[in-house]
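Subject: Structure handover

Hi,

Here is the structure I promised to pass on. Have a look at it first, and then read my notes below.

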Amino acid sequence: MTKTTTNLLGIIITILAGIYFYITCCSECGTAVKEEPAKQAIVPAEPTATSYPFAFSDGDYAFNENDNYNFNLSGSEILMPLSTKVEAGIASLKSFLGENASKVINITGYYKSDETNDSAFPNLGLARANAVKNHLVANGISSTQINTFGSLKDEMVDKDNVYLGPVAYGLDSKSENADDELKALYEKIKANPLVLHFNTAQASINLNAEQRQKVADISRYLDKVDGASANVVGHTDNTGNRNTNIGLGQERADFGKAYLIKNGISGDKINTSSKGPDSPVATNATQEGRAENRRTVITLN
């Protein structure tokens, strides 16, 4: 056997040995392709609902409970019943403010930009703060010791369409310029009262942003000044019978009062009357003028 033949035989033996070991030792052989393990779908974690406490402090006095007033998404009515912890906090706050006449509680209601505001206030936060204010007043706390505010808080997360405690609190001293501020507010409202316009034979209300702010101003003044009251006067154009229009004007005034009451202003502080077609502000000879005359005017005494 020649050297060349020997080398060739060695190569063949090496190839055969490699095939043998591949077949006997490899866990998979042939042309089969390994299947990739199935990828599991990644489910994003559900965000944790936000929750704000019923908490306030001033010097040595403090109250803090991880519970609060709750509201539905896009809602400004308090969800009842309240917890016993919140009720205890209200009693504590009433006692503190009763013993400290120079102190006030600042209530800030939170809201989100994607909520629907069906209240009469500029935003749902202020409407929620006003609802809390009214509940505190019903529980014996003077409205003169309560300030209300609204604040945008888009980071809030609801729990089953309920916001847990979207209200914050802070104790402070009464403003030294409070009397001057209220006098300026009175003059502002008297100079530019809230005017609502209606279609013929209609008594519905749809407020714009400026009108909502006027409602908030009127509400604030009535809260802060003992004996203050608002006048709601209904007006019509001269279409139809005068007596009928007097009645329609009164309906509009009463509707305006009911709307203010629904939004937290005490009915005891609202007077209504009708002037029907007797006090036009524009000509009744044109459609535009008649539209100006169909109105309800809300101002302060």
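Helices α3 and α5 run roughly parallel to each other, a label used for angles under 35 degrees (over 145 is roughly antiparallel, 65 to 115 roughly perpendicular, and the rest oblique). Helix α3 covers residues 124–138 and α5 residues 209–224; their angle is about 20 degrees and their axes are 12 Å apart. Axes here are lines fitted to C-alpha atoms, for helices over the stretch in contact, with angles from 0 to 180 degrees between N-to-C directions. On the α3 side, Leu126, Asn130 and Lys133 make the contact, and they meet Ala216, Ser219 and Asp223 of α5; contact means heavy atoms within 4.5 Å.

A word on the source: this is a predicted model, where local features need pLDDT of at least 70 and side-chain atom pairs count only at pLDDT 80 or more, while totals for chains, interfaces and linings use all residues. Residues are numbered from 1 along each chain as its sequence is written, and side-chain values use heavy atoms, with hydrogens and water left out.

Overall, the protein has seven helices and 11 strands, taken as DSSP runs numbered from the N terminus (helices: H or I, at least four residues; strands: E, at least two). Of its 301 residues, 38% count as buried, meaning under 20% relative accessible area (exposed is over 50%, partly exposed in between; 1.4 Å probe, protein chains only).

Now the aromatic rings. The whole structure holds 10 aromatic pairs, that is, Phe, Tyr or Trp rings (for Trp the six-membered one) with centres within 6.5 Å; planes under 30 degrees apart are stacked, over 60 edge-to-face, and the rest tilted. One of these is Tyr52 with Tyr110, edge-to-face at 5.3 Å centre to centre and 70 degrees between the planes. This pair links distant parts of the chain, 58 residues apart: Tyr52 lies in the loop between α1 (3–25) and β1 (54–58), and Tyr110 in strand β4 (residues 103–111). Tyr52 is buried at 17% relative accessibility, and Tyr110 is buried at 12%.

Phe54 and Tyr69 pair edge-to-face too, because their planes stand at 80 degrees, with ring centres 6.0 Å apart. Phe54 is buried at 1% and Tyr69 at 0%. Both belong to one aromatic cluster with Phe56, Tyr61, Phe63, Phe96 and Tyr169.

Finally, the charged end of Lys153 sits over the ring of Tyr110, 4.6 Å from its centre (the criterion is NZ of Lys or CZ of Arg within 6 Å of the ring centre and within 35 degrees of the ring normal).

Best wishes
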